[in-house]
Amino acid sequence: MDAASAQLVRRKDGAPAVTDGPYLETKEYIASFYLLDCDSLERAQEIAADVPFADAEPVELWPVLHESAADV
C-alpha cells in the first residue's frame, strides 16, 4: 500500500506505541525485513513492538495488499 497507510511502532513500557510518521529517510538502507501474516493490525503492531531495538528505534509497519483465496 502507499505511505499514507504506514505506521511507526515503538515499544513504550512494554506495549506498542504507534504513530503516523515521520518515516525513516530513504538514504538509510534496509538491513532486513519481516513479512507477517496476521489476523489483525493490532497483532502486527504487537509483533513490531517486540523487535529487540524497538525501545530505541522505530519499526516501520507497512500493510501489503495481496490476493488469496478466502479459505487459505
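**Note on salt bridges, strands and core**

1. R43 and E46 both sit in helix α1, 3 residues apart, about one turn of the helix. The two form a salt bridge, with the closest N and O atoms 3.1 Å apart. Bear in mind that this is a predicted model.

2. How exposed are these two side chains? R43 counts as partly exposed, at 41% relative accessibility. E46 counts as partly exposed too, with a value of 41%.

3. The count of salt bridges comes to 2. Besides the R43 and E46 pair, there is one between D55 and R11, where the closest N and O atoms are 2.7 Å apart. D55 belongs to the loop between α1 (41-49) and β3, and R11 to strand β1, so this salt bridge ties together parts that are 44 residues apart in sequence. Side chains of opposite charge can pair when their charged atoms come close.

4. Are the partners in that second pair buried or exposed? D55 is exposed, with a relative accessible area of 53%. R11 is buried, at 17%. The cut-offs matter here: buried means under 20%, exposed over 50%.

5. Now the strands. β1 (residues 7-12) pairs with β2 (residues 15-19) in the antiparallel sense. That pairing runs over 5 bridges. β1 also pairs with β3 (residues 59-61), again antiparallel, over 3 bridges.

6. V9 is worth checking in the viewer. Its bridge partner in β2 is V18. In β3, the bridge partner of V9 is V59.

7. Look at the turn as well. The hairpin of β1 and β2 has 2 residues between the strands. D13 in this hairpin takes a positive phi near 55°.

8. Which residues make up the largest nonpolar core? There are 8 residues in all: V9, A44, A48, A49, V51, A54, V59 and L61. Two elements, α1 and β3, give two or more residues to this core. The largest share, 3 residues, comes from α1.

9. A48 is one of the core residues. Leaving aside neighbours within four places in sequence, A48 is in contact with V9, A54 and V59. V9 and V59 are also the bridge partners of point 6. A54 belongs to the core as well.

10. To recap, check two places. One is the D55 and R11 salt bridge, which joins an exposed residue to a buried one. The other is V9, a member of the largest nonpolar core with bridge partners V18 in β2 and V59 in β3.

Terms used. Residues are numbered from 1 along each chain as its sequence is written. This is a predicted model: local features need pLDDT of at least 70, side-chain atom pairs count only at pLDDT 80 or more; totals for chains, interfaces and linings use all residues. Side-chain values use heavy atoms; hydrogens and water are left out. Two strands pair if DSSP finds at least two bridges between them. Helices (H or I, at least four residues) and strands (E, at least two) are DSSP runs, numbered from the N terminus. A salt bridge is a side-chain nitrogen of Lys or Arg within 4 Å of a carboxyl oxygen of Asp or Glu. Buried means under 20% relative accessible area, exposed over 50%, partly exposed in between (1.4 Å probe, protein chains only). A nonpolar core is a set of buried Ala, Val, Leu, Ile, Met, Phe, Trp, Tyr and Cys residues joined through side-chain atoms within 4.5 Å. Contact means heavy atoms within 4.5 Å.
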